[in-house]
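Please walk through the structure below, beginning with the surroundings of the DNA and moving on to the sheet, the helix packing and the backbone.

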Amino acid sequence: MKEFVLQDFASDKPFRIDYERELNPEQLQVVLHGDGPCLVLAGAGSGKTRAITYRVAYLLERGVSPEQILLVTFTNKASKEMLSRVESLLGSYPTGLWGGTFHSVANRLLRMYSTQLGYTKNFTILDEEDARSLIKVCIKILNVDTGERRFPSPGVLHAMASYARNSGQTLRAVVENRYQNFYELIGTIEQIVDLYEARKKEADSMDFDDLLLKLRELLFTRDDIRQRLAEQFRYVLVDEYQDTNVVQSEIVRQFASVHGNILVVGDDAQSIYSFRAAQIKNILGFPETHPNTKTFRLTTNYRSTPEILAVANATIHQNKDQFKKELSAVRGSLDRPNLVPAGNSAQESQFIAQRILALRAEGMPLSEIAVLFRAAFHSQALEFELMKRDIPYEYRGGMKFFERAHIKDVIAHLRIRNNPHDEVAWMRVLSLMNGIGLVTAQKMVEQIKRAESLDEVLSLPLKVPARAQTGWLALGKMLYKLSHAEMPSDLIRIVTGGDYQDYLRAEYPDFMDRLEDLEQFAIFAEGYTSLQTLLDEVSLSADFGAVREVDPGFSLGAAEREDRLVLSTIHQAKGLEWDAVFVMHLCDDKFPNPRALTEAGGLEEERRLFYVATTRARKHLFFTYPITSGYDTLQLSQPSLFLQELPSGLLEEVRLKRSFASTATNDDLTIVLDHLGERAPTVDVSRMSFLRGVEEL
DNA sequence: ATACGATTTTTTTTT
DNA sequence: AAAATCGTAT
């Protein structure tokens, strides 16, 4: 049963890679001795990606075939990055290697075995918005009175259900613990969620949670399949293990149940996904759940200056629920991180833009600079400023390309073509038609559901209200055309060339941009011959256009295209690094996020998030915040708790010059705040009364 | 009863 | 930007 890895490595082929030279001793241990259960505790910037990459290369060099290696990462970006690094190490792409996110690996396997679980091979993947819209239908069907008292929105209902399933708790327990104010509605909530589950199954659809749960079900109920897969995966490697939940860790365990070669890498200090039921105890308890675990520690930080690390260390020390650890720097000293209070949001953006231009003038490429924030909408003011100054940027986080309304409309058509039972897609497409709203669409779906194929739907004697006749007829024609085409890009062009184009023109002032988006989508789809594959990529990897690229108005040559500033949520910045990093909107009511604070352990998680942001920077780090916010009313805000709790002396405070102040009011505010001192309460005042207050001072 | 346009409110984080 | 709300038209 027990396999001794060294036996398999009898090859005397010379190594292409000089492991001793290219890795530090800690990393080398992981690469050479990472067989059996292994836990790699790696601090931020300690080269864990490097260790995993070299480990994979080492295994391949030693003759392990690529399809025997499973490399699970947390994001598609990380997956791509790792594979391309392995490729450049080896000189060729490791075709056949199983790499990807948990969800994409699960999907790949479920496409092979879904019929065993009562789904077809063409099952649909529902994203967050799809799930919400199906729940909305369920609420309607059950005739729930949502007006009587404050009722949870479809989004909240789905979050409850999702957390319950990912954490292995009952819905009742989750609502009782995390949504106390809705607990009295638990009966109704359970009804809605039950109906949601039932209709989702009927529609041959899986949401993101199903991908994980159904895979786990398969592994636990079908021992033959588990055995086959576990035999295939001789080496299982998991990155960002601190962000896995119970379901994921059980899946990994089953994968490794034959060979026992399971290597997990992570950092408990960077666990930031507990809202998705991630469990730090997965990583902390790994040695207990996997007997004979070898533990490796990577503690040398190659990334940041000592000044930046001092801040990071001070921050993480505030957390109680943490392994004690200290990152030690090898880089040389530079400036202390800067603390920049600005009069308001606009001034904050002006400062950031100006500083970015200064850095560029010093020779730093824009692509080595990032601006990070807690929530996607915090970047609004900055985006205006960057556009005004023609600074090109990439935007990560917030709305993704494939989530934009017009793209999803077109995708819904393709989904119907692929899976005629897809209720959510039908609802969306029907609702686009004139004279068809939520109610009529739902009644029509009831009838459509009885048909087995798209052709059958089209020949169905549908009962359609008079008002909806025209719309349904037009849709019928469209679907007929779709059923006679095959190529994904053709399908897209059929939709965008038809009535949908008129709808776009009528609906959106920026329909030109949207049509252009759709053409880009069609071009993207030209790379696919299988509709199923295209739809899978769109729902799971969404790499294309997940990045919103914004260039100055004039067109740039291909060579210049590369150099762009990055705007990103902190969550999306995980695992990445830049020479200069700005963390913006660091005020009391924005970060830590007030809603996160209501949850158990919320503060510590927000602090870890701040830690992640801090440790993204190599050389220069700026913390900025506006001291006022609001439009009609002025709200004074304190600096973020995470700034206040830092020992004095770690930061260098920057006083903005008068030229940054766009109005006298804000200048005055700065003065006022100086007088109010540190403990100024957050107050709401109208602009007028506030100005009076200024005069009195 | 239903559809739909205008208005107002509200934004955490993601596969 | 999108969702929720409200009033009017069909």
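**DNA surroundings, sheet and helix packing**

Around DNA strand B there are 26 residues, and the closest are Ala375, Ala376, Gly437, Val439 and Thr440. The model is a predicted one. Four helices each supply at least two residues of the surface near DNA strand B: H6 (102–113), H21 (438–448), H28 (570–573) and H29 (594–597). Helix H21 gives the most, with three residues. By class, the surface near DNA strand B consists of 10 nonpolar, 13 polar and three charged residues.

DNA strand C has its own set of neighbours, namely Glu129, Ser153, Pro154, Met399, Arg404 and Ala405. Three residues of the surface near DNA strand C are nonpolar, one is polar and two are charged.

The sheet comes next. It is an open sheet of six strands with parallel pairing, and the strand order is E3-E2-E6-E7-E1-E8. Strand E3 (98–101) and strand E8 (294–298) are the edge strands, each pairing on one side only. From one strand to the next, the twist averages 15 degrees.

At the E3 end of that order, strand E2 (residues 69–73) pairs with E3 in the parallel sense over four bridges. Within this pair, Thr73 stands opposite Thr101 of E3. Helix H5 (residues 76–90) lies across E2 and E3 and runs at about 150 degrees to E3. Helix H6 also packs on the sheet, where it touches E2 and E3, and its direction makes about 125 degrees with that of E3. H6 is thus met here for a second time, as it is among the helices that supply at least two residues of the surface near DNA strand B.

Strand E6 (235–238) is followed by a loop that leads to helix H13 (246–255), and Glu240 is found in this loop. The phi angle of Glu240 is near 50 degrees, a positive value in a residue other than glycine.

Two helix pairs can now be considered. Two packed helices are described by the angle between their axes and the distance between the axes. In one pair, helix H8 (residues 154–167) and helix H9 (residues 171–178) pack at an angle of about 115 degrees, with their axes 9 Å apart. Because of this angle, H8 is roughly perpendicular to H9. The crossing of H8 past H9 is right-handed. Met160, Ala161, Tyr163 and Ala164 of H8 make the contact with Leu171, Val174, Val175 and Arg178 of H9. Seven of the residues in the contact of H8 with H9 are nonpolar, none is polar and one is charged.

The other pair is helix H19 (residues 405–418) and helix H26 (residues 511–525), whose axes come within 9 Å and cross at roughly 45 degrees. H19 is therefore oblique to H26. H19 passes H26 in a right-handed crossing. On the H19 side the contact is made by His406, Ile407 and Val410, and on the H26 side by Arg514, Asp517, Leu518 and Phe521. The residues of the contact of H19 with H26 comprise four nonpolar, one polar and two charged.

A last backbone feature is found at Pro592, in the loop between strand E16 (578–583) and helix H29. The peptide bond from Phe591 to Pro592 is cis, with omega near 5 degrees. Helix H29, at the end of this loop, is one of the helices that supply at least two residues of the surface near DNA strand B.

Technical notes
Residues are numbered from 1 along each chain as its sequence is written. Chains are lettered from A and ligands numbered from 1 in the order in which they are written. This is a predicted model: local features need pLDDT of at least 70, side-chain atom pairs count only at pLDDT 80 or more; totals for chains, interfaces and linings use all residues. A residue is near a molecule or strand if its C-beta atom, placed from the backbone, lies within 6 Å of it. Ala, Val, Leu, Ile, Met, Phe, Trp, Tyr, Cys and Pro count as nonpolar, Asp, Glu, Lys and Arg as charged, and the others, Gly among them, as polar. Axes are lines fitted to C-alpha atoms, for helices over the stretch in contact, and angles run from 0 to 180 degrees between N-to-C directions. Angles under 35 degrees count as roughly parallel, over 145 as roughly antiparallel, 65 to 115 as roughly perpendicular and the rest as oblique. A crossing is left-handed if the near helix is turned anticlockwise from the far one by less than a right angle, and right-handed if clockwise. Two residues are in contact if their C-beta atoms, placed from the backbone, lie within 7 Å. Two strands pair if DSSP finds at least two bridges between them.
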